[in-house]
Amino acid sequence: MADLHIPDALLVKNYVEGNENALATLIKRHESKIYGFIYSKIADRDISNDIFQDTFIKVIKTLKSNSYNEEGKFLPWVMRISHNLIVDHFRKTKKMPMYRETEEFSIFSIMSDDCLTIEGKMIVDQVEIDLKKLIQELPEDQKEVLVMRMYQDMSFKEISELTGVSINTALGRMRYALMNLRKIIDKHQIILTN
Amino acid sequence: MAKIYSKKTLASKDLKPKKEVVSFLLSYSQALKVVKIDNKSFEVIAN
């Protein structure tokens, strides 16, 4: 307990002079602050332990090689080291893979845009036209609900208010509309795809 | 009731590193010797 009253600067001095117990006291005194700081940024116990360990390895190496200038700021110095290691960790994990174009490898083999090709657009248009024709085949009440829901983007509550039926009836009509559409598609063996 | 917009901080005073980590550091410190010769430093780890 008496160790608690020894200032950090003196413990550092003792440690540099060969007193290994001084390091144990320094770690015990500051471990929760430093580990808590790392964990607050990393939010992973194992990685935080690794960074804590690397931080103190740096501290030990610096102190043992007499490169540390004591200015009474041991804790801020250790925090600075752990902060730099946290930044390094995020740099490593966020590093993007880099591709370079060569004769054998074209960058466009892994890059693509989301736009449809002309052929794709034509297929989509054709599917839309076919689908509209199929919807026309549905009974009037089912067609009404389906069009309101899918093309006018109305909620079932709005549909029920507008058509004067309950929400459950509107939901039922939608269900039957979809079932009937599938039946028509199966019956005529229509292929709708893009 | 007032809405709390701030997120609860992850840092807590009870957080501590694993005992194994601390014991490794103490053993590492005991084993490590840094020798300086002509502005070059050599790290010696005793087994």
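**Entry 1: the A–B interface**

I began with A:Asp46 and found that A:Asp46 forms a salt bridge with B:Lys18, in which the closest N and O atoms are 3.7 Å apart. I keep in mind throughout that this is a predicted model. Looking across the whole interface of chain A and chain B, I noted that the rule finds three salt bridges, and that six residue pairs, both members at pLDDT 80 or more, are in polar contact between the two chains. On the side of chain A that touches chain B, I asked which elements give two or more residues; these are α2 (20–42) and α3 (45–64) of chain A. By class, I read that side of chain A as 11 nonpolar, seven polar and six charged residues.

I then looked up the extent of the interface, where 24 residues of chain A are in contact with 19 residues of chain B. The area buried between chain A and chain B comes to about 2,100 Å², and carbon and sulfur atoms give 69% of that area.

**Entry 2: a salt bridge within chain A**

Over all chains I found 10 salt bridges in the structure. Within chain A I looked up A:Lys64 and A:Glu20, whose side chains meet in a salt bridge at 3.0 Å, N to O. This pair links distant parts of the chain, since A:Lys64 lies in helix α3 of chain A and A:Glu20 in helix α2 of chain A, 44 residues apart.

**Entry 3: helix α8 of chain A and its neighbours**

I next turned to helix α7 (residues 156–163) and helix α8 (residues 167–187) of chain A, whose axes come within 8 Å and cross at roughly 105°. Angles of 65 to 115 degrees count as roughly perpendicular, and α7(A) and α8(A) are therefore roughly perpendicular to each other. I listed the residues that make this contact as A:Phe156, A:Lys157, A:Ile159 and A:Ser160 of α7(A), with A:Ile167, A:Ala170, A:Leu171 and A:Met174 of α8(A). They divide into six nonpolar, one polar and one charged.

I also looked up helix α6 (residues 140–151) of chain A, which packs with α8(A) at an angle of about 100°, the axes being 8 Å apart; that makes α6(A) roughly perpendicular to α8(A). Among the residues that make this contact I noted A:Asp141, A:Val145, A:Leu146 and A:Arg149 of α6(A), and A:Arg173, A:Tyr176, A:Leu178 and A:Leu181 of α8(A). The residues of the contact of α6(A) with α8(A) divide into nine nonpolar, two polar and three charged.

Terms used: Residues numbered from 1 in each chain as written. Chains lettered and ligands numbered in written order. Predicted model: local features only at pLDDT ≥ 70, side-chain atom pairs only at ≥ 80, totals over all residues. Heavy atoms only, no water. Axes fitted to C-alpha atoms, helices over the stretch in contact; angles between N-to-C directions. Helix = DSSP H or I, 4+ residues; strand = E, 2+ residues; numbered from the N terminus. Parallel < 35°, antiparallel > 145°, perpendicular 65-115°, else oblique. Contact = heavy atoms within 4.5 Å. Nonpolar A, V, L, I, M, F, W, Y, C, P; charged D, E, K, R; others polar. Buried area = accessible area lost by both parts, 1.4 Å probe. Salt bridge = Lys/Arg side-chain N within 4 Å of Asp/Glu carboxyl O. Polar contact = N/O pair within 3.5 Å; in protein donor to acceptor, adjacent residues only side chain to side chain.
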